[in-house]
Amino acid sequence: MTTAVMKKKAVRDVDVQGKRVFVRVDFNVPFDDFGRVADDTRIRAAIPTITHLTGRGARVILASHLGRPKGQPNPKYSLKPVADRLAHLLGQPVAFAEDCVGPAAQKAVEALAPGGVLVLENVRFHAGEEANDPEFSRQLASLADIFVNDAFGAAHRAHASTAGIAAHLPAVAGFLIEKEIEALGALLEPAHPFVAIIGGAKVSDKLVVLQRLLEKVDVLAIGGGMANTFLRALGYKTGKSLVQEEMIRAAESLIARANEQGKQLLLPIDVVVADFFLADADHKVVEVDQVPDEWLILDIGPLTVKRYAAALKGARTVFWNGPMGVAEWPAFAKGTDGMAQALAESGAFTVVGGGDSVAALERTGYAGRISHVSTGGGASLEFLEGKVLPGIACLNDR
Ligand code: ADP
Ligand code: MG
């Protein structure tokens with residue numbers, strides 16, 4: 001793999017001994033019906049940066065958003081349970097401040113000893129956060145000496161705690177952001193052959209990424225709901241399948257562009273069709289030109305999985321975004337499972353990104369055999385689109 005050069009300063013480049021370090025993390029975790037943390041993956045992902053800092057005698061101040069409290073305090077979106085889970089994972093006490101700015105936050109920071117950890121209450125309890133209000137940014141910054149951004153999942157947002165604060169403090173990347181920039185950056189300068197597998201619901205969500213990837217890849221394989229629109233562009237009947245009529249022209253021009261550039265653009269050759277959009281619908285595998293009028297395509301078929309898996313043989317770089325079918329339902333998850341296995345066995349540098357894609361990958365059990373599983377859904381796609389991510393752009397250059 002070619003390693004993208006990290007142009008931004010990182011947490012290991014700064015002296016943090018005794019300093020107050022404001023770390024923006026992504027603690028936007030799911031909760032169960034009893035108000036308990038249902039999945040602590042995002043909390044665990046922040047631990048390398050936290051222990052690096054505590055191990056060097058920093059005073060660690062952690063800030064995050066949780067849910068959409070719309071600029072108002074709301075106990076439902078309190079980060080207190082997250083602070084408790086973090087204490088358990090770190091094996092050390094974690095202080096909690098009832099507010100992320102003002103006297104409560106200031107007092108909690110003053111009480112922090114070197115090596116100590118504090119979690120601030122949800123930054124979105126203040127409207128200034130999402131508005132990227134300069135005064136709110138200044139209040140956050142006044143708590144600390146250094147800003148570390150480690151919230152890749154929020155890096156595509158220009159909010160006070162993800163970007164605005166960097167105007168007031170030395171600003172560096174945490175380990176998680178650094179890892180994301182390196183892995184996703186490697187896709188922009190890929191070792192060839194480079195194969196991208198793109199699925200998911202809609203062409204419109206991914207059109208820019210598809211266009212951009214087409215310039216970089218040797219093979220682009222398309223699955224999921226969006227493949228239907230491409231099949232229509234080729235003149236196939238897709239019955240009652242999800243199709244974006246208004247995107248058929250865009251699909252046609254992508255196919256044409258792939259041909260001009262001598263790129264392979266692969267589309268399903270067989271599909272799993274269902275008589276209803278239901279988990280337990282009647283279903284069968286048909287060739288792509290045999291989709292019955294009243295049925296819907298809900299997965300790629302076994303021959304397509306074989307075809308796409310064969311395209312991965314010898315690949316050196318693989319990027320996958322978007323489930324190959326309605327992978328939430330076991331009857332329509334086989335295409336997605338098959339691609340997860342093919343990536344795991346490819347021997348290539350493999351990157352998987354996207355909220356639903358990563359959830360589907362975790363269910364397959366192959367996640368541990370993927371080189372990089374991106375923690376950013378929207379952020380990873382915007383990075384690949386070549387957009388400037390405010391949460392990264394605001395960091396100090398090397
Ligand atoms: P990601 O979050 O990984 O970027 P998307 O949000 O684009 O992925 O797509 C995931 C959604 O696409 C899932 O909810 C899945 O059920 C849906 N989907 C995949 N294939 C189909 C299909 N053939 N018909 C309808 N929906 C589909
Ligand atoms: Mg999604």
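Select ligand 1 together with Ile 297: in this predicted model, a nitrogen atom of the ligand is 3.0 Å from a polar backbone atom of that residue, which is a polar contact in the sense of a pair of N or O atoms within 3.5 Å. Add Gly 225, where a backbone N or O atom lies 3.1 Å from a nitrogen atom of ligand 1, and then Gly 325, where the corresponding distance from a backbone N or O atom to a nitrogen atom of the ligand is 3.4 Å. The protein covers 85% of the 580 Å² of accessible area that ligand 1 has on its own, with areas taken from the Shrake-Rupley method with a 1.4 Å probe.

Next, show the residues around ligand 1, counting those with a heavy atom within 4 Å of it. There are 18 of them, and the closest are Lys 206, Ile 297, Glu 328, Asp 356 and Ser 357. By class, this shell has six nonpolar, nine polar and three charged residues, where Asp, Glu, Lys and Arg count as charged and Gly is among the polar ones.

Now colour β12 (296–300) and α12 (355–364), the elements that give two or more residues to the shell around ligand 1; helices (H or I, at least four residues) and strands (E, at least two) are DSSP runs, numbered from the N terminus. The largest share of the shell, three residues, comes from α12.

Move on to the open sheet of six strands, which has the order β9-β8-β7-β13-β14-β15 with parallel pairing, two strands being paired if DSSP finds at least two bridges between them. Because β9 (264–266) and β15 (372–373) stand at the edges, each with a single partner strand, one side of each is left without a neighbour in the sheet. Within the sheet, select β13 (residues 317–321) and β14 (residues 349–353), which pair in the parallel sense over five bridges; Phe 319 has Val 351 in β14 as its bridge partner.

Two loops complete the tour. In the loop between α6 (175–188) and β7 (194–198) you will find Pro 193, which is joined to His 192 by a cis peptide bond with omega about 0°. In the loop between β2 (59–63) and α2 (80–90), select Lys 70, whose phi is near 60°, a positive value in a residue other than glycine.

For your selections, residues are numbered from 1 along each chain as its sequence is written, while chains are lettered from A and ligands numbered from 1 in the order in which they are written. Local features need pLDDT of at least 70, side-chain atom pairs count only at pLDDT 80 or more, and totals for chains, interfaces and linings use all residues, while side-chain values use heavy atoms, with hydrogens and water left out.

Key
Polar contact = N/O pair within 3.5 Å; in protein donor to acceptor, adjacent residues only side chain to side chain.
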